[in-house]
Every structure is written in structure tokens, then in C-alpha cells.
Amino acid sequence: MAPQHKRGRVILRRWDDNSGLYETEVDFATVDDLFALCLQTQYPLLVDRVIIEGVDDKGQPHTATLIFQSVTVSSGH
């Protein structure tokens with residue numbers, strides 16, 4: 001059996017001076033959806049984690065969590 005993707009989520013974080021740090025969770029279905037979420041600039045949200053859920057080559061549930069930091073660098077600043 002080939003490994004299979006079942007669900008993907010991107011955890012986005014934002015700092016608000018009034019509310020503090022909070023997270024927003026957004027599902028993705030394709031790699032293109034994942035890239036669009038990771039590269040979005042419409043909202044002041046930073047990608048914190050990418051969670052991929054599925055089954056491995058033996059049919060067993062498997063979850064991979066990718067944790068990283070992201071930042072937008074503006075030219076001229």
C-alpha cells in the first residue's frame with residue numbers, strides 16, 4: 001500500500017496587543033493550497049506549524065508535524 005494523505009492543516013499565529021498570542025487553523029487539500037497558505041500576505045499571520053495526517057505504507061495512521069518560523073522581508077527596509 002502506498003502512503004496516503006488524509007488531512008492537512010496549517011497553524012497560523014498572530015500577536016495582538018490586546019489579546020496576546022493566538023492561533024488560527026486552516027485546512028489544505030493539495031500542495032498548491034499549502035503553498036498558498038504559507039506564502040499569503042493578506043493577513044498579518046505567520047505560519048507556525050504544518051500538520052499532515054494520513055496512513056503509512058502499512059495502512060497505519062501517521063502524523064507528521066513540521067515546525068518552523070516564517071517572516072516577510074520587505075525590500076527597502
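This report describes a buried acidic residue, a nonpolar core and a nonpolar surface patch in a predicted model.

**Asp48 and its surroundings**

Strand S3, which spans residues 46–55, contains Asp48. The relative accessibility of Asp48 is 15%, and this residue therefore counts as buried, the limit being under 20%. Its side chain forms a polar contact of 2.7 Å with the side chain of Arg49. When neighbours within four places in sequence are set aside, the residues in contact with Asp48 are Ile11, Arg13, Glu23, Leu66, Ile67 and Phe68.

**The nonpolar core**

In soluble globular proteins, nonpolar side chains tend to be buried together. The largest nonpolar core in this model comprises 8 residues, namely Val10, Leu12, Phe28, Leu34, Leu37, Leu45, Val47 and Val50. Two or more residues of this core come from each of strand S1 (4–16), helix H1 (31–39) and S3. One of the core members, Leu45, touches Leu12, Arg13, Arg14 and Gln40 when residues up to four places away in sequence are not counted.

**The surface patch**

Val31, Phe35 and Leu39 together make a nonpolar surface patch of about 340 Å². Leu39 belongs to helix H1. With a relative accessible area of 68%, Leu39 is classed as exposed because the limit for that class is over 50%.

The two residues with stated accessibility are set out below.

| Residue | Element | Relative accessible area | Class |
|---|---|---|---|
| Asp48 | strand S3 | 15% | buried |
| Leu39 | helix H1 | 68% | exposed |

Terms used:
Residues numbered from 1 in each chain as written. Predicted model: local features only at pLDDT ≥ 70, side-chain atom pairs only at ≥ 80, totals over all residues. Heavy atoms only, no water. Helix = DSSP H or I, 4+ residues; strand = E, 2+ residues; numbered from the N terminus. Buried < 20%, exposed > 50% of the residue type's maximum accessible area, 1.4 Å probe, protein only. Polar contact = N/O pair within 3.5 Å; in protein donor to acceptor, adjacent residues only side chain to side chain. Contact = heavy atoms within 4.5 Å. Core = buried A, V, L, I, M, F, W, Y, C linked by side-chain atoms within 4.5 Å. Patch = residues over 30% accessible without salt bridge, like charges linked within 9 Å, V, L, I, M, F, W, Y side chains within 5 Å. Areas by Shrake-Rupley, 256 points an atom, 1.4 Å probe, with all protein chains shown as cover. Salt bridge = Lys/Arg side-chain N within 4 Å of Asp/Glu carboxyl O.
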